[in-house]
Amino acid sequence: MSGRRTRPALAVLAAAAVLALAGCGGSDSGSDSGASGSSGAELSVGAAYIPQPVSASMAAGFLTITNEGDVDDELTSVTSEAGDVTVHETVDGTMKEVDRLEIPAHGRLVFRSGGNHLMFEKLKRQPKQGESVTVELHFAQSEPVTVEVPVKAATYQPGDGHSAHTGN
């Protein structure tokens with residue numbers, strides 16, 4: 001009989017452990033989702049979107065990563081089952097692939113048209129407006145964060161390209 005009583009207790013403990021770990025990563029339709037470390041960076045992702053690509057094999061992605069924590073972190077890579085994803089920055093009008101981008105403590109890393117962006121290449125299929133593409137963001141310090149990035153119209157312009165809280 002005591003075995004039956006400990007099973008629910010073990011299940012509750014296991015569930016609590018899973019939830020504690022899951023708190024390090026989350027997703028929700030491209031709006032704010034968060035990852036937090038108890039000591040360090042506290043990351044959330046918002047304003048995510050992909051303009052419907054005109055090419056069957058390439059697309060660009062945009063989002064904002066906000067760090068409410070006291071420690072800097074870095075975005076080190078992005079993965080997706082949709083295809084290969086690379087991180088690009090634009091400096092003085094020149095785009096270049098980078099291995100990592102800093103997310104300052106109490107700051108933001110903004111990906112927007114004409115600036116930092118994600119480049120999707122070798123797409124398995126062309127994403128269409130109304131669909132979502134799942135990406136996993138990998139960081140130097142924090143746990144990965146999975147984000148559902150909605151595909152918007154090719155001409156879509158966010159209301160405020162700097163905001164992590166547009167909910168688009």
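This report covers the fold, confidence, core, strand pairing and selected loop residues of one predicted protein model.

## Overall fold

The protein contains 1 helix and 11 strands. Read from the N terminus, the order is α-β-β-β-β-β-β-β-β-β-β-β. The helix therefore leads, and strands follow.

The chain has 168 residues, and 39% of them are buried. Contacts reach across the sequence. Among those with a separation of 6 or more, 65% link residues 24 or more positions apart. The exposed surface comes to about 9100 Å². Carbon and sulfur atoms contribute 51% of that area.

## Confidence

Mean pLDDT for the protein is 80. A score of at least 70 is reached by 71% of the residues.

Two stretches need separate mention. Residues 1-33 stay under 50 in pLDDT. The model gives this stretch 44 contacts beyond four places in sequence. Residues 161-168 also stay under 50. Here the model has 26 contacts beyond four places in sequence.

## The nonpolar core

The largest nonpolar core holds 29 residues. Five of its members touch the most other members: Ile65, Leu75, Phe111, Phe120 and Leu137. Many strands feed this core. At least two residues each come from strand 2 (42-51), strand 3 (58-67), strand 4, strand 5, strand 7, strand 9, strand 10 (132-139) and strand 11 (145-152).

Which residues does Leu75 touch, leaving out those up to four places away in sequence? Its partners include three of the core residues just named: Ile65, Phe111 and Leu137. Val87, Leu101, Ile103, Leu109 and Phe139 are also on the list. So are Asp99, Arg100 and His138.

## Strand 9 and its partners

Is strand 9 enclosed or open? Of its 5 residues, 4 are buried, so the rest of the structure largely encloses this strand. Strand 9 spans residues 117-121.

Strand 9 pairs with strand 3 and with strand 5. The pairing with strand 3 is antiparallel and has 4 bridges. In that pairing, Ala59 stands opposite Phe120. The pairing with strand 5 is also antiparallel, with 5 bridges. There, Thr86 stands opposite Met119. In a regular strand, side chains alternate between the two faces of the sheet.

## The hairpin of strands 5 and 6

Strand 5 (residues 84-91) also joins strand 6 (residues 94-98). The two run antiparallel and share 5 bridges. One bridge links His88 to Glu97 in strand 6.

The hairpin has 2 residues between its strands. Asp92 sits in this loop. Its phi is positive, near 50 degrees, in a residue other than glycine. Asp92 counts as exposed because its relative accessible area is 78%, and the cut-off is over 50%.

## Ser80: a buried polar side chain

Ser80 lies in the loop between strand 4 (73-79) and strand 5. Is Ser80 buried or exposed? Its relative accessibility is 16%, under the 20% limit, so Ser80 counts as buried.

The Ser80 side chain has polar contacts with two backbone atoms. One of its polar atoms lies 3.0 Å from the backbone nitrogen of Ala82. The backbone oxygen of Thr134 lies 2.7 Å from a polar atom of this side chain. Beyond neighbours within four places in sequence, Ser80 is in contact with Val85, Phe120, Val133, Thr134 and Val135. Phe120 also belongs to the largest nonpolar core.

## Two more loop residues

His106 is in the loop between strand 7 (101-103) and strand 8. His106 is not a glycine, yet its phi is positive, about 55 degrees. With a relative accessibility of 54%, His106 counts as exposed.

Arg112 occupies the loop between strand 8 (107-110) and strand 9. Its relative accessibility is 36%, so Arg112 counts as partly exposed. What separates Arg112 from Leu63 in sequence and in space? They are 49 residues apart in sequence, and their C-alpha atoms are 7.0 Å apart.

How values were computed. Residues numbered from 1 in each chain as written. Heavy atoms only, no water. Buried < 20%, exposed > 50% of the residue type's maximum accessible area, 1.4 Å probe, protein only. Contact = heavy atoms within 4.5 Å. Areas by Shrake-Rupley, 256 points an atom, 1.4 Å probe, with all protein chains shown as cover. Pairing = 2+ DSSP bridges. Polar contact = N/O pair within 3.5 Å; in protein donor to acceptor, adjacent residues only side chain to side chain. pLDDT = per-residue confidence, 0-100. Core = buried A, V, L, I, M, F, W, Y, C linked by side-chain atoms within 4.5 Å.
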